[in-house]
Amino acid sequence: MSYVHSHNGSDLNRTQDAQCKMTNKKPGCFFPFFPCLYPLDSDDLTTKRHSDDIDKWLQGEKMEFVKTHRLLLLGAGESGKSTVIKQMQLIHGEKFSEGLRRQRRDDIRNNLLEAIASIVRAMGSIEPPVQLDSAEHETMAKWVVEYATKQGFDYPSEFYQYTKVLWKDRGVQATFERSNEYQLIDSAKYFLDRVDEISRDDYRPTDQDILRCRVLTTGISEINFQVEDAKFQIIDVGGQRDERRKWFMCFNDVTAIIFITACSSYNMVLREDPTKNRLIESLELFKRVWKSKFLGHISVILFLNKQDLFREKILSGRSKLEDYFPSYTNFKSEKLEPNEHPEINKAKQFIKLQFEKISMTSNRTVDHRFFSHYTCAVDTENIKRVFDACREVVQIKNLLDYDLI
């Protein structure tokens, strides 16, 4: 993985200064705008070689810029953008370093604490409220909420013991099943099922642990990699509302937009706005991106993400899609996927259609096209297949833009 460097133009200024000196150094120059008629001395030759080297370097930088496919990841918060970036690093870049694994070990323990604390806190606030199994469990829960959430908490052995016991509590399990009624990270169950492993002093996060680790994205991050002869730069911008003002900083020279939506969020509300359904927010955001005057010449690739969680919710029957999108009741899927559960197939097609309808509200052009893929960002093989399918679209667009075909 490589990094992008910025240049402030100082080399160009030095070149221009050097060229001015070359045209004015010797007596006998007719005007400062005409080259000197006297032969160049060694200093002039050195300056000219330096100028030529800078010109060649700038030309090389321009060619590298032209040959690089820039993909901008957009989407609402917690849709899975950062996980896609991590997958690209695993598949096409450097593997996760030991330093990163140590850092993510601490983040994963924070995720574990956040998960159990969120569930315990929610037990008394959801309607109807839920009770723990015993007074002993009440004491453990109080310790987690009041002590473990303090700044500087160092994760003693009691924390893991209490978390393991509480996670088996029937009240905690019942509250977990109602997680759409409060804010809970998607990886809660994954990490709570692995308390023993995470508690070990020699715990070393696996690739899957790192992929599922939740760390809030702020600012702009990017990854650069090469697939065969093609170079790619993927830019990830935070999806929370207060981060979206930075999106416009990244619109220049973008080859394509990858818009990511979490299908499993159909029954959830925003972390930053508890009155707003997450999937509706994603649809409205997609509409603004699709109709943006700055992006009218750019194709949009939709990732219908978190298919694993989406499938679990639909099949469980606890959160019915029609309760949040009433038009689903009379929806009939025209396309049947082989070996897919009929209800899953119908639900997938319905959500995909909501985005397709938006893409049809303005004229599609050769440059402004809509593509969609079903994804599970924590599944490395799935993301590899989907990205391979996107590559041809992206590369053809880049070649057309720069008159290379």
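This passage describes the overall make-up, charged pairs and aromatic pairs of a predicted model.

The chain has 405 residues, of which 47% count as buried. Its secondary structure consists of 15 helices and 6 strands. Among contacts in the chain with a separation of 6 or more, 73% are made by residues 24 or more positions apart. The exposed area of the chain is about 21700 Å², and carbon and sulfur atoms supply 52% of that area.

A search of the whole structure gives 21 salt bridges. Two of the pairs described here share E98. In one of them, E98 forms a salt bridge with R101, with 3.9 Å between the closest N and O atoms. This distance falls within the 4 Å cut-off for a salt bridge. Both residues belong to helix 4, which spans residues 98–122, and because they are 3 residues apart they are separated by about one helical turn. R101 counts as buried, with a relative accessibility of 8%, whereas E98 counts as partly exposed at 38%. The side chain of E98 also meets that of R204 in a salt bridge, at 2.6 Å from N to O. This second pair links distant parts of the chain: E98 lies in helix 4, R204 lies in the loop between helix 9 (195–199) and helix 10, and the two are 106 residues apart. R204 is partly exposed, its relative accessible area being 44%.

A further salt bridge joins the side chains of K276 and E284, with an N to O distance of 2.9 Å. K276 has a relative accessible area of 19% and is therefore buried, the limit for this class being under 20%. E284 counts as partly exposed, at 34% relative accessibility. Elsewhere, E78, E114, R271 and R278 are joined into one network by salt bridges that share partners.

D209 presents another arrangement. This residue lies in helix 10, which covers residues 207–212. D209 is buried but has no salt bridge, and the nearest side chain of opposite charge, that of R194, is 4.7 Å away. Since a salt bridge requires a side-chain nitrogen of Lys or Arg within 4 Å of a carboxyl oxygen of Asp or Glu, the separation from R194 does not meet the cut-off. The side chain of D209 instead has a polar contact of 3.0 Å with the side chain of Y203. With neighbours within four places in sequence left aside, the residues in contact with D209 are I108, Y190, F191, E197 and Y203.

The count of aromatic pairs comes to 24. One of these is the edge-to-face pair of Y155 and F159, with 5.4 Å from centre to centre and 80 degrees between the planes. Y155 and F159 are both buried. Another edge-to-face pair is formed by F286 and F370, at 5.9 Å centre to centre and with 75 degrees between the planes. The latter pair links distant parts of the chain, with F286 in helix 11 (residues 278–291) and F370 in strand 6 (residues 370–374), 84 residues apart. F286 counts as buried at 0% relative accessibility, and F370 is buried with a relative accessible area of 9%. Y155 and F159 also belong to one aromatic cluster that includes W143, Y147, F153, Y160 and Y162.

How values were computed: Residues numbered from 1 in each chain as written. Predicted model: local features only at pLDDT ≥ 70, side-chain atom pairs only at ≥ 80, totals over all residues. Heavy atoms only, no water. Helix = DSSP H or I, 4+ residues; strand = E, 2+ residues; numbered from the N terminus. Buried < 20%, exposed > 50% of the residue type's maximum accessible area, 1.4 Å probe, protein only. Lys, Arg positive; Asp, Glu negative; His and termini not counted. Polar contact = N/O pair within 3.5 Å; in protein donor to acceptor, adjacent residues only side chain to side chain. Contact = heavy atoms within 4.5 Å. Areas by Shrake-Rupley, 256 points an atom, 1.4 Å probe, with all protein chains shown as cover. Phe/Tyr/Trp six-rings, centres within 6.5 Å; stacked < 30°, edge-to-face > 60°.
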